[in-house]
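User: I have a model open and want to learn how to read its features. Where should I begin?

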Amino acid sequence: MRTTSEQGAPALSPGRGTSARAHVVLPAYNEAASLPPLLRRLADVALAERLTAWVVDDGSSDGTAEVVAAGVPGLDLRLVSHPVNLGLGQAVQSGLRAVLAEAAGSDLVVVMDADDTHDPDLLRRLRAEIDAGADVVICSRFVDGGDDATAPPLRRLLSRGAAVLFRRLVRVEGVRDFTSGFRAYRADLLARATRHWGERLIEERGFACMVELLMKLRHCRPVVTEVPLVLRYDRKRGASKIRIARTVGQYLRLLARDRLAPAPHRAL
């Protein structure tokens, strides 16, 4: 297990070997109870995949870092640490920065929740979609086979309302589930976007960061596909960290900022 600080500029390394590695970024705030079963599931997937898991400990106070430090047999596990809680957006940003500092351009970068509600077995499907030509693959609750019945009613209402809002106002081709936290990206796509936006690639601190990243990547004209996600909220340990009213406000501010900000003046 390697420990990485939160600093450092992203830069892709040359390709290594013939099989692209999957880098799984797990933003974690007080997930000491949920991480062990999730990391064991990732270790099972790693038996057939070249896989590195990057846990971003976002100022946890419950021993999350110690869980990562203990390691998991068969899993290449890294720790990226924030000394204080900076929010989901900065945790995702730090994880992507750490990955891009050593990833090959052909590698797969996956972001998923650290609370064990996302199934690592979907990584095989994500890789297949990327290999077939997709640049971004979203694990979607809103396509045939997707389901979020185990989530709380207000959480489901927020996700559906946001999906309708962003589909009408943003219209990213191929996207129905804008707020899903389980996605795969080509590493070279993220590197192109990072070269343009730098530290501004993710400015939202809260849950709106996933929509923000997708909205910025659309300027790279990616091929986006979706695969069904069955959300396993029944496996979640502890209370949800999302605040409904605050997140709605973040979505509305994000839309306003997107309308006011000019599109990139050159192709990305």
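Analyst: Begin with burial. A residue is called buried when its relative accessible area is under 20%. This model is predicted. C209 has 0% relative accessibility, so C209 counts as buried. C139 is buried too, at 0% relative accessibility.

User: How many disulfides does the structure hold?

Analyst: First the general idea. A disulfide is a covalent bond between the sulfur atoms of two cysteines. To be called one here, the two sulfurs must lie within 2.5 Å. This structure holds zero disulfides.

User: Why is C139 not bonded to C209?

Analyst: Distance. The closest cysteine sulfur to that of C139 is in C209, 16 Å away, so they are too far apart for a bond. Starting from C209, the closest cysteine sulfur is in C139, again at 16 Å.

User: How do I read aromatic pairs, and how many are there?

Analyst: Check the ring centres, then the angle between the planes. Planes over 60 degrees apart count as edge-to-face. The structure holds two aromatic pairs. One of them joins F166 and Y251: the centres are 5.5 Å apart, the planes stand at 90°, and the pair is edge-to-face. This pair links distant parts of the chain, 85 residues apart. F166 sits in helix α5 (residues 153-169), and Y251 in helix α8 (residues 244-260).

User: Are F166 and Y251 buried or exposed?

Analyst: F166 is buried, with a relative accessible area of 0%. Y251 is at 6% relative accessibility and also counts as buried. F166 and Y251 form one aromatic cluster with F178.

User: What sits over the ring of W54?

Analyst: Look for a charged group above the ring face. Here the charged end of R78 sits over the W54 ring, 5.0 Å from the ring centre.

User: Which residues of helix α6 are buried?

Analyst: Start with the helix pattern. An α-helix has 3.6 residues a turn, so residues three or four places apart point the same way. In α6 (residues 187-197), the buried residues are A187, L189, L190, A191, A193, T194 and W197. Their cover includes helices α3 (88-100) and α7 (209-217), along with strands β5 (108-111), β6 (136-140) and β7 (183-186). Just after α6, G198 has a positive phi of about 60°.

User: Which residues does UniProt list for the domain?

Analyst: Treat a record as a label, then look at the span. The unreviewed UniProt entry lists residues 24-190 as "domain: Glycosyltransferase 2-like". In the model, that span is 38% helix and 20% strand. Its end C-alpha atoms lie 14 Å apart.

Terms used
Residues are numbered from 1 along each chain as its sequence is written. This is a predicted model: local features need pLDDT of at least 70, side-chain atom pairs count only at pLDDT 80 or more; totals for chains, interfaces and linings use all residues. Side-chain values use heavy atoms; hydrogens and water are left out. Buried means under 20% relative accessible area, exposed over 50%, partly exposed in between (1.4 Å probe, protein chains only). Rings of Phe, Tyr and Trp (its six-membered ring) pair if their centres lie within 6.5 Å; planes under 30 degrees apart count as stacked, over 60 as edge-to-face and the rest as tilted. Helices (H or I, at least four residues) and strands (E, at least two) are DSSP runs, numbered from the N terminus. A charge sits over a ring if NZ of Lys or CZ of Arg is within 6 Å of the ring centre and within 35 degrees of the ring normal. Contact means heavy atoms within 4.5 Å. UniProt positions are given in the numbering used here, feature names are shortened, and annotations may be inferred rather than shown by experiment.
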